[in-house]
Amino acid sequence: MADGHAAYPSVFVVDGATHFPPPLPPKPGQRRMQVRRNRLVQNTLLVLVCLTLLGVLMEGVFIYKLHKHGDTSESKPAESPEALKGDQLVTRRPKPPPIPRPSKPLAHLAAGSKKPEKEGILEWIVEGDPIIHELEYRDGTLIVQKEGYYYVYSKISYSAEGSSFTQMVQKRSQRLPGSSIELLTYKRYNPSPLQKGSVRSSYVGGVFFMYTNDAVFVYVNNGSSVLLHKPADNCFGMFML
Ligand SMILES: *[C@@H]1O[C@H](CO)[C@@H](O)[C@H](O)[C@H]1NC(C)=O
């Protein structure tokens, strides 16, 4: 009992130094209110943190999707064999774009194939993929399928060792059977013999009206002097204007 009395004053002294009355124990209702308020603040903070995390997560998902979308255009064909069909195959294995079809008749024969021993018609290589559109080739002649104005041209490389060389572009027409019409002529005459190995080239070109079935060809007076070394050395062509 005496111990209990002694304990009171000491406690009282400690509190007394503050000169304040000891804080009242919170009323049961007040305490419950505080606890509820604390819980509310805690929950609000939790919701805010969750929202922030959700925002970060969504941002991450968007960035990932964006990144993946950028990748798919390149990686997709490798994944699915179906995707290799059509345009995607073309983009993956670059091929030269297809050459457009000409809108009008056109022919360019770049390589001579056969030359006459003396005078005669030059023949051209038409195997492979020569440019011949809406014109027919037969035995050195280009046969017109559509009447109209055509530009006709020819270039010949020849050895100038002989005394003369003549190249002509001529045509045969059903309107003038049995005769050839001279369209373009190149003539070279050497009064004195030229040095061995002398090489010349001719070029002729002009515009002519052609009827259907007109046959145009290149004629030379001395086939043995024509040089057929390279495809680009000689040519014969025509196109509708
Ligand atoms: C024909 O060409 C050959 C080779 O160039 C030449 O030797 C010959 O003299 C030429 N003939 C004529 C008539 O020019």
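**Exercise 1. In this predicted model, decide whether Asp214 is buried or exposed, and find which residue forms a salt bridge with Asp214.**

Step 1. Start with accessibility: Asp214 has a relative accessible area of 1%. Buried means under 20%, so Asp214 is buried.

Step 2. Now look for a partner. Lys171 forms a salt bridge with Asp214, and the closest N and O atoms are 2.7 Å apart.

Step 3. Place the two residues in the chain. Lys171 belongs to strand β9, while Asp214 sits in the loop between β11 and β12 (215-220); the pair links distant parts of the chain, 43 residues apart.

Step 4. Check the lysine too: Lys171 has 8% relative accessibility and counts as buried.

**Exercise 2. Work out which parts of the chain the salt bridge of Lys196 and Glu161 ties together, and classify the accessibility of Lys196 and of Glu161.**

Step 1. The closest N and O atoms of Lys196 and Glu161 are 3.7 Å apart, and the two residues form a salt bridge.

Step 2. Lys196 lies in the loop between β10 (180-189) and β11 (199-210), and Glu161 in the loop between β8 and β9 (164-172), so the bridge joins parts 35 residues apart in sequence.

Step 3. Lys196 is exposed at a relative accessible area of 76%, whereas Glu161, at 34%, is partly exposed.

**Exercise 3. Find how the rings of Tyr158 and Phe165 are arranged, then do the same for Tyr153 and Phe239.**

Step 1. For Tyr158 and Phe165, the ring centres are 3.9 Å apart and the planes lie at 10 degrees. Planes under 30 degrees apart count as stacked, so this pair is stacked.

Step 2. Tyr158 is buried at 1% relative accessibility, and Phe165 is buried at 2%.

Step 3. A search of the whole structure finds 8 aromatic pairs. Tyr153 and Phe239 form a tilted one, with 6.5 Å centre to centre and 55 degrees between the planes.

Step 4. Tyr153 is in strand β8 (residues 148-159) and Phe239 in strand β13 (residues 235-240), 86 residues apart. Tyr153 counts as buried at 10%, but Phe239 is partly exposed at 30%.

**Exercise 4. Describe the surroundings of Met238.**

Step 1. Met238 is found in strand β13 and is buried, with a relative accessible area of 0%.

Step 2. Leaving out residues up to four places away in sequence, Met238 touches several residues, including Leu106, Leu135, Val144, Tyr153 and Val216.

Step 3. Take Val216 as an example: its C-alpha atom is separated from that of Met238 by 9.0 Å, and the two residues are 22 residues apart along the chain.

Technical notes:
Residues are numbered from 1 along each chain as its sequence is written. This is a predicted model: local features need pLDDT of at least 70, side-chain atom pairs count only at pLDDT 80 or more; totals for chains, interfaces and linings use all residues. Side-chain values use heavy atoms; hydrogens and water are left out. Rings of Phe, Tyr and Trp (its six-membered ring) pair if their centres lie within 6.5 Å; planes under 30 degrees apart count as stacked, over 60 as edge-to-face and the rest as tilted. Helices (H or I, at least four residues) and strands (E, at least two) are DSSP runs, numbered from the N terminus. Buried means under 20% relative accessible area, exposed over 50%, partly exposed in between (1.4 Å probe, protein chains only). Contact means heavy atoms within 4.5 Å. A salt bridge is a side-chain nitrogen of Lys or Arg within 4 Å of a carboxyl oxygen of Asp or Glu.
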